[in-house]
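Dear colleague,

I am handing over a structure that you have not worked with before, and I would be glad if you could look through it alongside the notes below.

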Amino acid sequence: MIDSLGRNINYMRVSITDRCNLRCLYCASGKFSMLGHDEIMRYEEIERIVAITSGLGIDTIRVTGGEPMARRGAMGFIEKLVKIPGIKKVSLTTNGTLLDEAQIKHLADIGLYSINISIDSLDAQINSRITGSDSFGGSYRALIWAVESGLRTKANCVLIKGLNEAQLLPMSQLAINYTVDVRFIELMPAEGAGGFEGVCASEILKQLEGAFPGLAPDSETRGSGPAEYYKSPGMKGSLGIISAKWSHSCQTCNRVRLTSEGFMQLCLFQTVGIDLRKLVRKGTSDEEISEAIAQAIFSKPRGIAPGGEVGMMSRIGG
Ligand code: SAM
């Protein structure tokens, strides 16, 4: 649907759980969200909201978390989402550690559009320092299985000074050897994220240009996100950069978020939106919910508020 600024909002990120099996330093190192069982949206409730929003023109869904695969029944839920009329693309963001080869193949078979696997380093020890557990093997295997299963695959990497900043080039090698889009995400100031310093987008680009002669913007569309992609001759995949405060792309922002407790958040950097759990649980009709969502989306904020900080990533889903 078109909002008051003429933006076409067709993309919803859905966090299905605030729980995660990892404790990434920049995401969940300090305060970690633990919503009560009743506070989390039930799958049927989310499916209903997705069906209602599809009637409003939301045709692209990303399932995220916490760690989405840590929630029991996630696979069956994804299978249902894919079949909701009007939904054209369902994608998944995961750390990959809870997926085996057969499950990834199954996701490809049921029509998952794409998979993003978060992996911050190709060095197992650095990875453990960041995630707080021995997660490298699980994430890396999932990445390779995803490529082999034919899924559109992206690797998400957040570069942190003093931790994994030197992983920029090793991670980039993945895009040379595999059909993977490796995306470097600027660290965002988020609740519970700890006092780390990220590597800024311009610095990332400078280093990539130095390392890959002929690196040039790649205009081929890859998904619905704010990443800017680059490619150099001979690369099977591409390299993407996601700027933390992509103010330049607020004008083209196409998304809303459904948090794990059912709050439709209209901007990552502002807690403005609508409590859909409350509406759903008090017996509101589909038509009324649709009207409420339409009004909320229409008034989606123009852009990031000054000094805006992201709330708890695990609830919002990144
Ligand atoms: N557990 C899943 C995963 O690891 O991909 C999904 C949830 S995670 C919150 C989604 C994405 O948000 C991940 O790619 C993660 O790296 C990113 N993320 C989390 N905290 C961040 C922060 N403070 N700044 C930038 N990206 C962040």
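What follows is an account of the ligand, the cavity around it and the largest pocket.

Please keep in mind from the start that this is a predicted model, and that the values given here are computed from it.

I begin with the ligand, which has 20 residues around it, and of these Tyr26, Gly66, Glu67, Ser118 and Met188 come nearest. Three of those residues also place an N or O atom close to an atom of the ligand, as the following distances show. A backbone N or O atom of Gly66 is 2.9 Å from a nitrogen atom of the ligand, while an N or O atom in the side chain of Glu67 lies 3.0 Å from a ligand nitrogen atom. In the case of Ser118, an N or O atom of the side chain is 2.5 Å from an oxygen atom of the ligand. Taken on its own, the ligand has 550 Å² of accessible area, and the protein covers 94% of that area.

Turning to the shell around the ligand, the elements that contribute two or more residues to it are α1 (25–28), β3 (89–94) and β5 (152–158). Sorted by class, this shell consists of 8 nonpolar, 10 polar and 2 charged residues.

The structure holds 3 cavities of 30 Å³ or more, and the largest cavity is the space taken by the ligand. This largest cavity has a volume of about 850 Å³ and is lined by 50 residues, with Thr93, Ser118, Asn156, Ile185 and Gly318 lying nearest its centre. Ser118 is therefore worth finding on the display, since it is named both among the residues that come nearest to the ligand and among those nearest the centre of the largest cavity. β5, which gives residues to the shell around the ligand, also gives the most to the lining of the largest cavity, with 4 residues. By class, that lining has 20 nonpolar, 19 polar and 11 charged residues.

The largest pocket holds about 370 Å³ of space. Its lining is made up of 16 residues, of which Thr17, His37, Ile40, Arg71 and Arg72 lie nearest the centre of the pocket, and by class this lining has 6 nonpolar, 3 polar and 7 charged residues.

With best wishes

Methods: Residues numbered from 1 in each chain as written. Predicted model: local features only at pLDDT ≥ 70, side-chain atom pairs only at ≥ 80, totals over all residues. Heavy atoms only, no water. Near = heavy atom within 4 Å. Polar contact = N/O pair within 3.5 Å; in protein donor to acceptor, adjacent residues only side chain to side chain. Areas by Shrake-Rupley, 256 points an atom, 1.4 Å probe, with all protein chains shown as cover. 1 Å grid on protein atoms, 1.4 Å probe; cavity = no way out; pocket = protein on both sides within 12 Å on 5 of 7 lines; lining within 4 Å. Sits in = over half its atoms within 2 Å of the grid points. Nonpolar A, V, L, I, M, F, W, Y, C, P; charged D, E, K, R; others polar. Points joined across faces, edges and corners; volume = space filled by probe spheres on them.
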